[in-house]
Amino acid sequence: MSPQRDQILRELGIGPQWRLREAADAASEVPMEAVETVEEAAGGRVAPAAVAAPSVARAGSPVDASNMNWSDLATAVAECRACALCAARKQAVLGVGDQQADWLFVGEGPGAEEDERGEPFVGQAGKLLDAMLSAIGIKRGENVYIANSVKCRPPNNRTPEPEETAACWPYLERQIELLQPKLIVALGRPAAQTLLQREVKIGAVRGQLFDYKGIPLIVTYHPAYLLRNLSDKAKAWEDLCFARKTMG
Ligand code: SF4
């Protein structure tokens, strides 16, 4: 294990549980208890899942982003008042990263620091996300775009309401259309529900390969959740290995 990877895994809080596999791929270090699961997943146990009938609303937004380019999106989001979340924001947070990225990570919504700085996933959860990206060989700003389901901070960091997610959906939908990533990783339940259009439990949908308009989509835990639930970091690492193999 290289010192850098060792440090990353320590940041993820799972270093002591890991061993080096013989495989030469970049995602070859997995927890001992996770090897079988990941290999089974890569070997075809996991099939693309049909997206169920919608039960998480996307319809009803007054926003029409269907013809927007990146510049239009930035302007529209900055001025948007399509839902109640505009009231308490300091600034809307569109997203950050490479607009030709192969990877798209989608979270829930901006927190206090994100609202302050205008960038998604800064602060402690952002540091963990950066470590997660680094662990699979990618880096913020290079071949990865990071966005949220809602672009304005929900008060007290509460979960966005369904009508807020629905109001904001056209922006994320258009971001995905413009990006055309090779893989989408949904971070946490709200992001997964927004993209899959149905109620989900992370424990039930992680490890599966979904399809979003022809783009592979996988689901894992939100970094903020992992900061509070250290025991699930090993599962997140399994998911990242699965993502890396899927991308490969
Ligand atoms: Fe507009 Fe989205 Fe902000 Fe609501 S959360 S005001 S829809 S940008």
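How many of the eight residues of helix α7 (residues 189-196) are buried? The views below start from that helix in a predicted model, in which local features need pLDDT of at least 70 and side-chain atom pairs count only at pLDDT 80 or more, while totals for chains, interfaces and linings use all residues. Residues are numbered from 1 along each chain as its sequence is written, and side-chain values use heavy atoms, with hydrogens and water left out.

**View 1. Helix α7 and its surroundings.** Seven of the eight residues of α7 are buried, where buried means under 20% relative accessible area with a 1.4 Å probe and protein chains only; helices are DSSP runs of H or I with at least four residues, strands are runs of E with at least two, and both are numbered from the N terminus. The buried residues are P190, A191, A192, Q193, T194, L195 and L196, and they pack against helix α6 (162-179) and the strands β4 (103-107), β6 (183-187), β7 (210-212) and β8 (215-220). After α7 comes Q197, which has a positive phi near 60°.

**View 2. T165 in helix α6.** T165 belongs to helix α6 and counts as buried because its relative accessibility is 8%. Apart from neighbours within four places in sequence, T165 is in contact with S149, V150, P160 and T194, contact meaning heavy atoms within 4.5 Å.

**View 3. The ligand in its cavity.** The ligand sits in the largest cavity, meaning that more than half of its atoms lie within 2 Å of the grid points; a cavity is a set of points, on a 1 Å grid over the protein atoms alone, where a 1.4 Å probe fits but cannot get out, and lining residues have an atom within 4 Å of a point. This cavity has a volume of about 110 Å³, the space filled by probe spheres set on the points, which are joined across faces, edges and corners. Of its 15 lining residues, C80, A82, C83, C152 and C168 lie nearest its centre. The residues around the ligand, with a heavy atom within 4 Å of it, include R89, K151 and Y171.

**View 4. The largest pocket.** A pocket is an open set of points with protein on both sides within 12 Å along at least five of seven lines, and the largest one has a volume of about 830 Å³. Of its 37 lining residues, the closest to its centre are E108, N157, T159, P190 and H222.

Notes. Buried means under 20% relative accessible area, exposed over 50%, partly exposed in between (1.4 Å probe, protein chains only).
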